Amino acid sequence: MLLRQLEYLVALASERHFGRAADACFVSQPSLSAGIRKLERELDVTIVRRGRRFEGLTPEGERVLVWAHRMLAERDALRQELSALRGGLSGTLRLGVVPTALTAISLVTTPFCAEHPLVRICLESLPAHEIGRRLAAFELDAAVTYLDDTAPRRTRRLPLYEERYLLLTPDDDTFTGARTVSWARAAELPLCLLAPSMRNRRVMDECFAADGVEAKPVLESDTVAGLYAHLGGGWSGVIAHAWLHTFGVPAGMRVLPLEGPVRGPRVGLAVAAHDPAPALVRALWDIARRTRLRDVLEDLLESHLVPCRRTGRPGP
């Protein structure tokens, strides 16, 4: 069995098309097909359901795919260890991030890349449930995700920060002199919120419910950027404080902390519980620990709140 044959299988499962899988592996389609057939002969199982086109993997093929990911991950980990011994880490770090943490992830990836310039990061925005599946299947090296009931099992976890929720609202006379606002009062405003399919929105709905109300937004978006693009013009939004790192407070608006009995969930780094962990994963863990993301985001939030408290105008 050649590792190259396992690469063909992984590419085929990802692309679900023989031609595209061959292109991804930089080989001809006949070469890819022959490699997978040879793998089937060596393992004495049928891996691929074939018709006029790719029709998926057999149950045996699905199991082989899991092991293919695992074996290729172990090969990559070995390469990382050897590159570290030669004086510098290299390779590709596959990092999954829940959409609501994307705005803050550069606070970790930027110092990581500065310290390890030969490493390439492949960053994907993924829902929490998909992150758990892909970590377990060795399709991701690490992830930044929620560390609550949706957290991936059999992982090592490093808490990074707790989400704090803010009302982003027009800087008019509505909340003059206010330092905080209740969820019930926020629900009375014309709101822009994330879509109900997103974990962050479901947490917010719990906060509204705990204050005895239900939010009925005028607009819902499945991206933070889409939400921010519609704020202003008399609309308000509920945001997580980590979003301030990328988007800040738009001109003509202000932020107010939301008060209530429900705390925001923890966001953290999750990696598969391998022993030893791959060199790139160990390096990322070290950078994330040293970054002290919680303190950085708290300082950022305070920089936006202090000017508002002093003048009633948005912070920088």
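This tour proceeds from the whole chain to selected helices, ring pairs and single residues.

**The whole model**

Begin with the full protein displayed as a cartoon; the model is a predicted one. The protein contains 12 helices and 13 strands. Along the principal axes, its C-alpha atoms occupy a box of roughly 75 × 50 × 30 Å. Of the 316 residues, 48% are buried. Among contacts between residues at least 6 apart in sequence, 71% join residues at least 24 apart.

**Helices α1 and α2**

Select residues 3–15, which form helix α1, together with residues 18–25, which form helix α2. Two packed helices are described by the angle between their axes and the distance between the axes. Here the axes come within 8 Å and cross at roughly 130 degrees. An angle of that value lies outside the ranges for parallel, perpendicular and antiparallel, so α1 counts as oblique to α2. The crossing of α1 and α2 is right-handed.

Now show the side chains at this contact. Helix α1 contributes Arg4, Glu7, Tyr8, Ala11, Leu12 and Glu15, while helix α2 contributes Phe18, Arg20, Ala21, Ala24 and Cys25. By class, the residues of this contact comprise seven nonpolar and four charged, with no polar ones.

Next, select Arg16, which is in the loop between α1 and α2. Its phi is near 55 degrees, a positive value in a residue other than glycine.

**Asp44**

Move to Asp44, in the loop between α3 (29–43) and β1 (48–50). Asp44 also has a positive phi, about 60 degrees, although it is not a glycine. With a relative accessible area of 68%, Asp44 is exposed.

**Aromatic pairs**

Four aromatic pairs are present in the structure. A pair of aromatic rings is described by the distance of the centres and the angle of the planes.

Select Trp183 and Phe208 as one of these pairs. Their ring centres are 4.9 Å apart and their planes stand at 85 degrees; the pair is therefore edge-to-face. Because Trp183 belongs to helix α7 (residues 183–187) and Phe208 to helix α8 (residues 199–210), the pair ties together parts that are 25 residues apart in sequence. Both partners are buried: Trp183 has a relative accessible area of 2%, and Phe208 has 0%. Add Tyr165 to the selection, since ring pairs link Tyr165, Trp183 and Phe208 into a cluster.

Then select Tyr228 and Phe247, whose rings form a stacked pair, with 4.6 Å centre to centre and 20 degrees between the planes. Tyr228 is in helix α9 (residues 224–230) and Phe247 in helix α10 (residues 244–247), and the pair thus links distant parts of the chain, 19 residues apart. Tyr228 counts as buried at 8% relative accessibility, whereas Phe247 counts as partly exposed at 31%.

**Ser236**

Finish at Ser236, in strand β11 (residues 236–240). Is Ser236 buried or exposed? With a relative accessible area of 2%, Ser236 is buried, as this value falls under the 20% limit. Which residues does Ser236 touch, not counting residues up to four places away in sequence? They are Leu167, Leu168, Thr169, Pro170, Leu189, Pro190, Leu191, Cys192 and Leu231. Displaying these residues together with Ser236 completes the tour.

Definitions and conventions: Residues numbered from 1 in each chain as written. Predicted model: local features only at pLDDT ≥ 70, side-chain atom pairs only at ≥ 80, totals over all residues. Heavy atoms only, no water. Axes fitted to C-alpha atoms, helices over the stretch in contact; angles between N-to-C directions. Helix = DSSP H or I, 4+ residues; strand = E, 2+ residues; numbered from the N terminus. Parallel < 35°, antiparallel > 145°, perpendicular 65-115°, else oblique. Left-handed = near helix turned anticlockwise from the far one by under 90°. Contact = heavy atoms within 4.5 Å. Nonpolar A, V, L, I, M, F, W, Y, C, P; charged D, E, K, R; others polar. Phe/Tyr/Trp six-rings, centres within 6.5 Å; stacked < 30°, edge-to-face > 60°. Buried < 20%, exposed > 50% of the residue type's maximum accessible area, 1.4 Å probe, protein only.
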